[in-house]
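Here are a few short exercises to work through with the structure open beside you. Try each task before you read its solution.

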Amino acid sequence: MELCFYNSKNGYLEAILRGFRSSFLTTEEYKKLTEADTLEDLKSILEDTDYGSFMMDEPSPIAVTTIAQKCKEKMAHEFNYIRAQAEEPLRTFLDYIAKEKMIDNVISLIQGTLNKKSPEELLSRVDPLGYFPQMKSITSMDVQNSHDDVLKVLLIETPIGSYFDKYLSTNTPNEKNNVSTLLNDMDIEILRNTLKKAWLEDFYNFIRKLGGKTEEVMGHILKSVADFRVLSVTLNTINSSLSLELQKDRNDMFPCFGYLYPEGTDRIRKCWNNETVHAALENYPMYYDLYEECKQFYMKNENMNENKLVDNNIKSLEDLLYVKLVKLCETAFDQHCHFGIFYAWVKLKEQEIRNIVWISDMILMNRKECIASIIPIFEPQTDL
Amino acid sequence: MGALDDSTPVPSRITLQLMKQRKKSAFQGYSLLKKKSDALFIHFREVLKDVVKTKTKVGEEMRNASFSLAKAVWAAGDFKGQIIEGIKRPVVTLSLFTNNVAGVKLPIFQVHIDPTVDVLGNLGVASGGQVINNTRENYLQCLNMLVKLASMQVAFFSLDEEIKMTNRRVNALNNIVLPRLDGGINYIIKELDEIEREEFYRLKKIKEKKLEKSDDFMAEEAVDEFDQNGYKRQDDYNSIQKDNDIIF
């Protein structure tokens with residue numbers, strides 16, 4: 001039953017998305033990109049792929065950031081096409097995907113406005129996927145003087161207002177009118193990560209309500225994403241020179257779901273160095289292996305050799321997590337009639353953009369041998 | 001006897017003394033400056049070697065640093081804007097000291113890192129924080145090396161100037177002042193010798209002339225004796241007595 005209703009509502013969009021799926025860069029195209037010697041060559045090779053004439057109007061010396069921005073715009077364009085034609089509940093699902101980027105945009109706009117940057121400059125740097133029309137009002141927000149204005153803008157006009165609400169209520173239980181001081185003093189990064197945690201939990205609850213195949217597939221993906229977040233935050237704060245107060249804050253950034261929740265996160269909460277993390281992850285073989293592979297990167301070496309960073313064999317956690325995420329997203333495409341493919345497509349496109357940026361950087365730096373670090377998407381499996 | 005013109009000194013013993021003294025001090029100055037020039041040159045060669053070494057290292061380091069930046073962008077997305085927005089005070093400051101090398105004041109730059117300013121903050125706490133940290137360390141290393149290179153290059157140029165100047169003075173002393181002084185001294189000695197010879201000759205001549213005169217006189221008297229004896233003898237006797245120069 002579910003299947004036939006699904007097709008009548010969302011069949012067209014799923015078909016379009018599967019069309020997009022075949023537009024990912026293949027291994028031959030990546031090989032061609034590695035042979036480019038300048039960014040101009042790269043651009044012309046990309047024009048032969050599905051990216052087409054997306055960079056036609058750019059003036060001659062192209063920067064890597066322009067390439068990234070144009071790729072994101074193309075993806076946003078395709079995403080909005082799908083979103084415009086979606087019915088409920090797919091529409092809300094797609095909104096959730098966009099909200100992740102909206103959080104990033106809002107944070108960078110707040111930061112820019114606090115530093116009195118010009119609105120045009122700020123708006124040109126936002127992620128096009130997370131665009132919403134009320135963004136402009138943030139840039140004209142007068143943080144110093146009118147608290148009510150700030151509150152109104154942040155809570156009501158943005159689609160992510162509910163997450164702000166949660167943040168404000170946990171951090172300032174009594175003095176809601178000190179929002180502007182809060183904005184000025186607090187750490188932007190903590191705000192961003194708390195908002196993301198709230199978003200993730202909200203998303204998870206939404207798909208649980210949807211039920212069915214979507215819940216099965218997306219539930220697995222989101223739980224893994226939540227765990228990745230926990231691991232990231234832990235590893236990035238434990239060994240760094242960041243202050244100890246951060247270590248208390250980080251516990252607030254752990255989402256309240258996931259395979260590591262609740263015992264794992266509880267144990268990780270108490271970790272304060274490599275050995276404790278080691279012990280905490282013992283019950284989760286997949287994450288344990290992950291940690292084993294990348295912990296060399298995080299150890300404070302006694303014999304600190306500078307080549308640690310140039311050596312490609314030492315991977316950081318992010319490299320490994322990207323690989324895992326790509327695998328998860330690829331498997332999402334194996335099943336029909338669920339919304340997971342939309343999320344998976346967005347994530348895979350992001351990874352592809354990252355790959356292109358990495359290749360461009362390596363071409364600029366003349367280090368073509370390092371291009372192999374990119375993560376291939378939908379690599380054809382050689383069956384044994 | 002006066003000087004013929006300004007460049008030829010007055011030939012007297014006093015001026016000879018003066019010139020000898022000047023020559024001595026000129027020679028001393030020459031040897032001191034030569035020593036200074038040699039010391040500067042040794043330093044110069046050292047700095048040159050260091051500069052070449054550091055330049056190649058800086059090239060390597062910058063390469064590594066940009067590579068780690070690319071890695072950080074891979075791990076954490078484009079965080080440049082965030083960092084620029086988040087900075088309120090400068091972290092790295094330079095201070096200037098002077099170092100005295102063989103009399104030359106060379107400036108040295110020193111890097112001060114303000115540890116109270118936290119540039120990175122909590123950047124990348126959810127993704128890539130550690131990688132960003134590594135990038136920062138790489139770039140700091142690069143910066144230190146560049147500052148050292150800057151000090152060395154400034155030292156290089158100042159030493160170069162100083163060496164050129166010192167060498168000019170050394171050469172001037174050696175090729176112009178000393179020979180001139182030598183020439184002057186030789187001239188004075190020559191002149192003095194000549195004066196002495198002249199004096200000597202003059203005395204000799206006078207003596208000769210006097211002898212001649214007295215011989216002539218004696219000869220005349222002898223002739224007169226044959227002719228008349230009387231009063232001429234008296235006359236001669238008187239005239240002989242009047243000549244005080246002839247001492248019996």
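**Exercise 1: a buried charge and its partners**

Lys101(A) is buried, with a relative accessible area of 9%. Keep in mind that this is a predicted model.

Task: Find out which residue Lys101(A) forms a salt bridge with, and where the two sit in the chain.

Solution:
- Step 1. Look for the partner: Lys101(A) pairs with Glu350(A), and their closest N and O atoms are 2.8 Å apart.
- Step 2. Place both residues: Lys101(A) belongs to helix α5 of chain A and Glu350(A) to helix α19 of chain A, so the bridge links distant parts of the chain, 249 residues apart.
- Step 3. Check the partner's cover. Glu350(A) has a relative accessible area of 13%, so it counts as buried too, the cut-off being under 20%.
- Step 4. Follow Glu350(A) onward: it also forms a salt bridge with Arg354(A), at 3.8 Å between the closest N and O atoms. These two are four residues apart in helix α19, so about one helical turn separates them. Arg354(A), at 22%, is partly exposed.
- Step 5. Put the pieces together: Glu100(A), Lys101(A), Lys347(A), Glu350(A) and Arg354(A) are linked in a network of salt bridges.

**Exercise 2: inside the nonpolar core**

Task: Work out which residues have the most contacts inside the largest nonpolar core, and which helix gives the largest share of it.

Solution:
- Step 1. The largest core has 101 residues, and Phe93(A), Phe203(A) and Phe342(A) have the most contacts inside it.
- Step 2. Helix α19 of chain A (residues 340-365) supplies the largest share of this core, 15 residues.
- Step 3. Zoom in on Phe342(A). Setting aside neighbours within four places in sequence, its contacts include Tyr6(A), Leu17(A), Ile82(A) and Phe93(A).
- Step 4. Now look for a second, separate core: it has 30 residues, among them Phe254(A), Tyr298(A), Leu328(A) and Val131(B).

**Exercise 3: buried or exposed?**

Task: Decide whether Ile107(A) is buried or exposed, and say what it touches.

Solution:
- Step 1. Find Ile107(A) in helix α5 (residues 90-114) of chain A.
- Step 2. Its relative accessible area is 0%, so Ile107(A) is buried.
- Step 3. Beyond neighbours within four places in sequence, Ile107(A) is in contact with Ile188(A), Leu191(A), Arg192(A) and Leu195(A).
- Step 4. Take one of these: Leu195(A) is 88 residues from Ile107(A) in sequence, and their C-alpha atoms are 9.7 Å apart.

How values were computed
Residues numbered from 1 in each chain as written. Chains lettered and ligands numbered in written order. Predicted model: local features only at pLDDT ≥ 70, side-chain atom pairs only at ≥ 80, totals over all residues. Heavy atoms only, no water. Core = buried A, V, L, I, M, F, W, Y, C linked by side-chain atoms within 4.5 Å. Buried < 20%, exposed > 50% of the residue type's maximum accessible area, 1.4 Å probe, protein only. Contact = heavy atoms within 4.5 Å. Salt bridge = Lys/Arg side-chain N within 4 Å of Asp/Glu carboxyl O.
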